[in-house]
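Colleague: Please choose one part of this model and take me through it closely, strand by strand if that suits it. I would also like to have the cut-off behind each term as you use it.

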Amino acid sequence: MPHPRTDRSRPVSGAAPSSAAMRQHNAAAVWAALDGTDGLTGTELMAACSLSRPTVHAVCDDLIARGLVVEIETRSPHSDTGAGRPARQYASRDDAAHVVGIDLGAKKVSAVVADLRGRVRARESTSFRDERVPAVERVAIVRETVRAALAAAGVDSHGVLCVAMGVPSPVDARGHVTAAEHYLPGLAELDLRAVLADDFGWTTIVENDANLAVIGERWLGVAQGVEDVVELLAGYRLGAGVVLGGRLLRGSGGAAGELTFLNLVEGVGNTDAVAELAEVLAHEAETDGRFPAMEQLGPDARDERGRPHARAVFDAARRGDLVAHEIVDRIVDRMARVVAIISTFLNPSLVVIGGGAALVGDLILPPLRSALPALTDTPPQLEASSLGDHAVTAGAVRCALDDVETRLFGDTPALTLATHSALPSEGLPAR
């Protein structure tokens, strides 16, 4: 299935394609045909791409010159008798170059190095010492984390063709972040597209993290093939990535998925999400002496403010703790209202619960599904993200690969540069 390109679809012109465009199209077709194979002969590429033999070999020679393809030494079918000419066979060099995907969150930064097929070669994460660290320190940690990921992948910085970075803030058409000062101090004053340029010389694509999450979900996750979907990042703050009719909605200032209007909604009141609510409500219950299960927690199960971590609250709920179940019920009630509002306004066929909240889908999704019909006439299908915390970096890799694909092969939306899973191997299903 062709991958959903990131908001670059264009009307098809009725004019005949130029020779340059045709060469780009043929190169993309050959590259796509080689994907996932150990190599194909010229004859096999002719059949796969509907191209003539001279065109196939000319395209492969060009891709070899560009370092994207290698010719494999093969034996003739008649080599034992000394008769026949060996067939030329070609294989793609998926490691010829790489891309980097970055998830610059409020609490941590994650960086992924992927090859030209989207396969993750290394992943590194670093937590910030405080949620509101100054922007200069935050960016310095981004650089360190990227360096660590490159080192783990064994990739030289000169071999990176594109970087895409997701941030928990609206991003306008110029790539400018409009982060709130009280939430991400100093970040709006920086040109994040240039922060990696001093060290690496890279041009960086900057995008809202929820937008990248829904791109990643449509590429590799539960939203593959879905044209009308909302990804609701629901870890510590609520944010939404919206795709309707197969197109990502950004709005005039990049704020189409922002949910600050929830401040005005009775029964919701702010954009606190699942993990934040669990920690706040557990702290309140513990302070009131109603949550004795938390007394047994060690220091590692609490945050820097002494509040129980969300995972400890959900673990207690799974063990049958009544107060923990009460907390989950309150979270579900609020989330049901949020999903109902989104469904009523946008009418998606699917809402994906992403971020850290996806890891507790067993607790919140069944009651959420049950609550929705009473709140909206258009309840959507509701699923937990299959990418979990990796949806943003998956979308960032996809955006970076789209940029590389366009520069290498032109705008060929019917073809896919990266069809392999960009999922990490640690416990997550491959497509």
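Modeller: What follows begins with the whole chain, then stays with one sheet, and ends with the helix that leads from it to a second sheet.

The model is predicted, so to speak of local features a pLDDT of at least 70 is needed, side-chain atom pairs count only at pLDDT 80 or more, and totals for chains, interfaces and linings use all residues. Residues are numbered from 1 along each chain as its sequence is written, and side-chain values use heavy atoms, with hydrogens and water left out.

The chain holds eleven helices and 13 strands, where helices (H or I, at least four residues) and strands (E, at least two) are runs assigned by DSSP and numbered from the N terminus. Of its 431 residues, 52% are buried, and buried here means under 20% relative accessible area, with exposed set at over 50% and partly exposed in between, for a 1.4 Å probe and protein chains only. The accessible surface of the chain is about 19100 Å², with 52% of that belonging to carbon and sulfur atoms; such areas come from the Shrake-Rupley method with a 1.4 Å probe, and for residues only the protein chains shown count as cover. If one takes the contacts (heavy atoms within 4.5 Å) between residues at least 6 apart in sequence, 68% of them join residues at least 24 apart.

The part I would look at is the open sheet of five strands in the order S11-S10-S9-S12-S13, whose pairing is mixed. Two strands are said to pair if DSSP finds at least two bridges between them. The edges are taken by strand S11 (247-248) and strand S13 (381-384), each of which pairs on one side only. In general, strands of a sheet pair through backbone hydrogen bonds, either parallel or antiparallel.

Strand S9 is a good place to start, since both of its neighbours can be described. On one side, S9 and S10 pair in the antiparallel sense over six bridges, with Leu-232 having Ala-240 as its bridge partner in S10, and the two strands form a hairpin with three residues between them. On the other side, S9 runs parallel to S12 and is joined to that strand by five bridges; here Glu-231 stands opposite Val-352 in S12.

Which way do the side chains of S9 point? In a regular strand the side chains alternate between the two faces of the sheet. Val-229, Glu-231 and Leu-233 point one way from S9, while Val-230, Leu-232 and Ala-234 point the other way, and all are buried. The strand is thus described as mostly covered, with six of its six residues buried.

Moving outward from S9 past its hairpin partner, one comes to the S11 edge. Strand S10 (residues 238-244) pairs with S11 in the antiparallel sense over two bridges, and in this pairing Arg-247 of S11 is the bridge partner of Leu-244. Helix H6 (residues 209-220) packs on this sheet, where the helix touches strand S9 (229-234), S10, S11 and strand S12 (350-354), and its direction makes about 50° with that of S10. For such angles, axes are lines fitted to C-alpha atoms, for helices over the stretch in contact, and the values run from 0 to 180 degrees between N-to-C directions.

Helix H6 also leads to the second sheet. That other open sheet of five strands has the order S6-S5-S4-S7-S8, again with mixed pairing, and its edge strands, each pairing on one side only, are strand S6 (120-127) and strand S8 (204-208). Neighbouring strands of this second sheet are turned by 15° against each other on average, direction ignored. Within the second sheet, strand S4 (residues 98-104) and strand S5 (residues 108-115) pair in the antiparallel sense over seven bridges, and Leu-104 has Val-109 as its bridge partner in S5. Helix H4 lies across S4, S5, S6 and S7, running at about 150° to S6. H6 packs on this second sheet as well, touching S7 and S8, and its direction makes about 95° with that of S8.
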